[in-house]
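Reader: I should like a close look at one kind of local feature in this model, namely backbone angles that stand out. Please set out where such residues sit and how they are surrounded.

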Amino acid sequence: MSTYSSQLHDEQRSVDRAYGRLDALRTQTRSRLDSVRAAGSHGSPTQRTERDSFASLYEDRLAQLRAVEDRLVFGRLDDKDGQRRYIGRIGLSSESHDPILTDWRAEAARPFYEATPSSHGDIVLRRHISLSFRTVTSIEDEVLDLNSPEVGQAANQGTLAGEGALLATLSSRRTGRMTDIVATIQAEQDRIIRSDMAHALVVQGGPGTGKTAVALHRAAYLLYTHRSTLERSGVLVVGPSPDFLRYIDQVLPSLGETGVLSRTIADLIPGVVAQANDRPEVARLKGDGRMASVIAGAVRSRERVPAELPTVRIEGIAVPMLAVDVQQALTDARRTRQSHNKARETFVKSILQTMENRYAQSLDYTPESDELSRVRSLLRLSDPVRKAINLAWLPMRPEWLLENLWSRPAFLARLAPWLSPSQVEALTRPKGSPLTVSDIPLLDEAMELLGPDPRQAARQAAEASQQAEEQQFAKDTLAQNGIGNGLVTSRMLLDNINGLDSQAAAQRAAEDRQWAFGHIVVDEAQELTSMDWRMLIRRCPSRSFTIVGDVAQTSALGGTRSWERTMNQLFGEDGWDLSELTIDYRNPREVSELAGEYARSEGLRVSTLKAVRTVPDAVRRITVTDDNGAVEAAAQAAAEMAGRFIAEDGTGRVAVIGSQDQVAPLKAAVGKAYRASAGGEAADRLAAEDSWDRQILVTDTRGTKGLEFDGVVLTDPERIADEAPSRLTAASDIYVAMTRPTQQLVIVERKEGEER
Ligand SMILES: Nc1ncnc2c1ncn2[C@@H]1O[C@H](COP(=O)(O)OP(=O)(O)OP(=O)(O)O)[C@@H](O)[C@H]1O
């Protein structure tokens, strides 16, 4: 056996040991789950609740143990004393507590990602282990201590290599789902992943630098290191679109973390669905931070002294509602600093009390309490009084408030004097129009100021008291039973009973608009408007954020083109840190450089990037003379690329990106060209794929944000630019489109009078 094969053989034994332990833990958990389930519904309610909690804990644990199957072990660290430490997806130890595998997030695993020949502590060698299913297929060593005897050994064994594991991953065909990068996290990425949670952290990086990957691994790392806090409060991941969230949704589970909630801005309010998008200019206006005062003004406009006030006759006595009394009641209510709907209770109480006093003052005797309470009831039931109270302090639903704002231009203009008449007109829409994505943060603002409607508040109070009872019950159960068996701690059981484990927390957070998350990860953060940020900050009072984005890729007119300006406003100058990623892992060097040059020439602020790979013929240009020619050429190029990159096993992705108005003709032409080149069967198979999982995706630039493909056909960039609302946005959109491919970019350009 060659030395390399004997090394493979040795590593196989270690890998088998780790999988053996994983299997044993699965069997153990499975049998505990079975025995809990076998007990069925017998026993006292206490025993049943306890059993249910154990069952769901074992189910969660089993799901976690299953999720880490793929590439369970991927690394090894050797120190100068000859000690070896295997690095993997989770931590494992033997029954006698000997370490088998170190969790990649543990401090002891840090050198696997960060050690360099100039700074390696007592680690002398780092080994990358590649697996196919459970079989070791290759090993690669990086010797960190050049003076160590292992240099020679590694060279002799043929395992001395540099970036093989990384390059192999980067060149692999895309599947439409992002995978974790746990085996190949690079040092600059690792430092960000492991950085402190206290501050808001902004990660700026050009396309393909791994911002999304880093943000997700950081979420997993924070959950590991701050489990007790974050599991209860939850982690929220905010992404730009449902397609994007689907693209990343396997990453955290593959790292053993299933309890993270992911949402777009549009679906952050439980039970509210935005059905439309505003035009870019309207979205910008709605995202303007000054809209917060507009909403506050709209609420405030319903707290006023009505022009006409009633005088009612109670038991023959005229009782007036005076302006001065209403004014006093308004002051009393506002002084409570409660939300509008809640503070209304104080307003009503105050004005009725004053009217009752006015009644009593007009008598020539001191009334009994019976008489006064009758008067109060009569006042409360009086139609004119009720009407005046509503005019003075109207209870409101937030949807109504927004509808009212957009359907009454004069009202809007009064509340937002900074809007020009044409802007007011652009914002105006008839009552009954569908809610838009840009309405959501404004609706959230209104919800915050208005508070829940009183009936909903009463329901919540009832639920809270029930939860308190259950908590006590759980504590009693634990005290009586002295639980703890290695797999499940008493803390976990208590949390589970109270719905505080990570999955339950995520579920409850999803249903509760006022949930305070322990940490929020924001991807494509450059797209968020001031109003979006206000909504997110309300959801994380501790301001613990990981914010990743690229100010050169901003499409939204109201988005960010300078982190400094936006972040200083949100967190204060000392409240946030900036880190930068500089290596492009996605694009071939030729594509990365071309895109960078283009972006710079258009005046975008691009990060300096270094791409790690070169791919021959990574850029191809096709010139055509008219629109039809562009569509046809793009379709041919896409069909040709599909032949090279698309496999029947579902791997391989090609995107055809064009202007919005060309998407439909492009779809038809691509379908036809692919049928002609690959045959009816292949074309039918592709046509049957779910819309979000298409192997050949035809879309506009926005539809590819954050995603990547093996090949990209960029169709008629000039036409894409013509559609954009501003020159800078056009440049960003084209820059985004150019930087999607991992293998090849084809640009179809239209030039009058030129043929291809
Ligand atoms: N250390 C790494 N090891 C392996 N693959 C990596 C690594 N870092 C990044 N990648 C891969 O590079 C690609 C780009 O990463 P990612 O999508 O996170 O970049 P991004 O900075 O968010 O890009 P964009 O700005 O275009 O959204 C992904 O396929 C990712 O898995």
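Author: What follows concerns two glutamates first, then a helix, and then the confidence of the prediction.

This is a predicted model. Glu315 is not a glycine, yet its phi is positive, at about 50°. The residue belongs to the loop that joins strand 10 (311–314) to strand 11 (317–320). Around Glu315 there are 12 C-beta neighbours inside 10 Å. Because a residue with 12 or fewer such neighbours is classed as exposed, Glu315 counts as exposed.

Glu524 likewise has a positive phi, near 50°, and is a residue other than glycine. Its loop lies between strand 12 (519–522) and helix 24 (530–538). Here the surroundings are those of a buried residue: 25 other C-beta atoms lie within 10 Å of Glu524, and the cut-off for burial is 20 or more.

Burial can also be considered for a whole element. Helix 7 comprises residues 211–225, 15 in number. From its first C-alpha to its last, helix 7 reaches 21 Å, close to the 21 Å expected at 1.5 Å a residue. Of its 15 residues, 13 are buried, so helix 7 is largely enclosed by the rest of the structure.

As to confidence, the chain has an average pLDDT of 89, and 90% of the residues score at least 70. Over residues 482–490, however, the pLDDT is below 50. In the model, that stretch has 12 contacts beyond near neighbours in sequence. The scores for the model are ipTM 0.99 and pTM 0.86.

Technical notes. Residues are numbered from 1 along each chain as its sequence is written. This is a predicted model: local features need pLDDT of at least 70, side-chain atom pairs count only at pLDDT 80 or more; totals for chains, interfaces and linings use all residues. Helices (H or I, at least four residues) and strands (E, at least two) are DSSP runs, numbered from the N terminus. The expected span of a helix is 1.5 Å times one less than its number of residues. pLDDT is the predictor's confidence in each residue, from 0 to 100. Two residues are in contact if their C-beta atoms, placed from the backbone, lie within 7 Å.
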